[in-house]
Amino acid sequence: MLSMTRRKAARSRRSSANRRPAAKRRILEAVHRTALDLHEAGFIDKRRMRKYEALCLDPIPEYTGASIRTLRDRYRVSQAVLAAVLNTSLSTVRQWEVDQKRPSGPSVKLLNLLDRKGLQALL
């Protein structure tokens with residue numbers, strides 16, 4: 001029971017550290033809505049709209065070996081299963097977990113998706 005409480009507290013700290021403050025989030029949402037309206041009216045081209053969308057996205061957190069191991073333990077999957085889900089090799093997942101390598105590119109985005117939405121989102 002205690003370990004479950006610790007896991008929830010750690011998850012809460014991790015997720016709150018990755019989120020933007022509410023005021024900043026509201027401002028960015030207003031900017032995005034305004035830019036979307038201007039784009040639909042023809043005042044902003046597609047390239048500029050992509051820049052506004054990138055500005056308004058929440059940043060993707062960095063994943064350490066410990067956080068990948070915690071994520072894997074949360075969903076009770078082996079390193080081999082996680083490697084298959086992320087379409088990477090078993091040795092790569094092992095190297096991530098012992099901090100010999102860092103995940104990058106699509107792997108970070110898939111880890112973030114797994115962290116936010118769960119295993120079903122990747123299957």
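Asp-73 counts as partly exposed, at 41% relative accessibility. Asp-73 belongs to a predicted model of a protein chain with 7 helices and 0 strands. The mean pLDDT of the chain is 81, and 84% of its residues reach 70 or more. The points below begin with the chain as a whole and then turn to particular helices and residues.

**Overall make-up**

- Along the sequence, the helices of the protein chain follow one another in the pattern α-α-α-α-α-α-α.
- The protein chain has 123 residues, of which 26% are buried.
- Its accessible surface is about 8,900 Å², and carbon and sulfur atoms account for 53% of that area.
- Of the contacts between residues at least 6 apart in sequence, 56% join residues at least 24 apart.

**Confidence along the chain**

- Helix H1, which covers residues 2-18, has the lowest confidence, with a mean pLDDT of 46.
- Helix H6, residues 90-97, has the highest, with a mean of 95.
- Over residues 1-10 the pLDDT stays under 50, and the model has 0 contacts for this stretch beyond four places in sequence.
- Residues 12-18 also have pLDDT below 50, and this stretch has 4 contacts in the model beyond near neighbours in sequence.

**The buried side of helix H4**

- The buried residues in H4 are Gly-65, Ser-67, Ile-68, Leu-71 and Arg-72.
- These residues lie on the same side of H4, because the arc they cover around the axis is only 165°.
- An α-helix has 3.6 residues a turn, so residues three or four places apart point the same way.
- The cover over the buried residues of H4 includes H5, H6 and H7.

**Salt bridges**

- The whole structure contains 4 salt bridges, according to a search of the model.
- One of them joins Asp-73 to Arg-69, with the closest N and O atoms 3.3 Å apart.
- Both of these residues are in helix H4, 4 residues apart, which is about one turn of the helix.
- Arg-69, like Asp-73, is partly exposed: the relative accessible area of Arg-69 is 41%, and the relative accessibility of Asp-73 is 41%.
- Another salt bridge joins the side chains of Arg-74 and Asp-115, at 2.8 Å from N to O.
- Arg-74 is in helix H4 and Asp-115 in helix H7, so this pair ties together parts 41 residues apart in sequence.
- Arg-74 is partly exposed at 21% relative accessibility, whereas Asp-115 is buried at 16%.
- The side chains of Asp-115 and Arg-74 also make a polar contact, of 2.8 Å.
- Helix H7, where Asp-115 is found, spans residues 106-117.
- A further salt bridge links Arg-102 with Asp-99, the closest N and O atoms being 3.8 Å apart.
- Asp-99 counts as partly exposed, with 47% relative accessibility.

**Val-93 and Gln-79, between H5 and H6**

- Val-93 is a residue of helix H6, and it is buried, with 0% relative accessibility.
- Not counting residues up to four places away in sequence, Val-93 touches Gln-79, Leu-82, Ala-83 and Thr-88.
- Between the C-alpha atoms of Val-93 and Arg-69 the separation is 9.4 Å, and the two residues are 24 residues apart along the chain.
- Gln-79 lies in helix H5 and is buried, at 19% relative accessibility.
- Because buried means under 20% relative accessible area, Gln-79 with its 19% falls in that class.
- Leaving aside neighbours within four places in sequence, the contacts of Gln-79 are Arg-72, Leu-90, Val-93, Arg-94 and Glu-97.
- With one of these residues, Glu-97, Gln-79 forms a polar contact of 2.8 Å between side chains.

**Positive phi in two loops**

- Arg-76 has a positive phi of about 55°, although it is not a glycine.
- Arg-76 follows H4 and sits in the loop between helix H4 (65-74) and helix H5 (79-86).
- The relative accessible area of Arg-76 is 74%, so this residue is exposed.
- Asn-87 is not a glycine either, and its phi is positive at about 60°.
- The position of Asn-87 is in the loop between H5 and H6.
- Asn-87 is exposed too, with a relative accessible area of 74%.

Technical notes:
Residues are numbered from 1 along each chain as its sequence is written. This is a predicted model: local features need pLDDT of at least 70, side-chain atom pairs count only at pLDDT 80 or more; totals for chains, interfaces and linings use all residues. Side-chain values use heavy atoms; hydrogens and water are left out. pLDDT is the predictor's confidence in each residue, from 0 to 100. Contact means heavy atoms within 4.5 Å. Buried means under 20% relative accessible area, exposed over 50%, partly exposed in between (1.4 Å probe, protein chains only). Accessible areas come from the Shrake-Rupley method with a 1.4 Å probe; for residues, only the protein chains shown count as cover. A polar contact is a pair of N or O atoms within 3.5 Å; within protein, one must be able to donate a hydrogen and the other to accept it, and residues adjacent in sequence count only if both atoms are side-chain atoms. The arc is that of the directions from the helix axis to the C-beta atoms.
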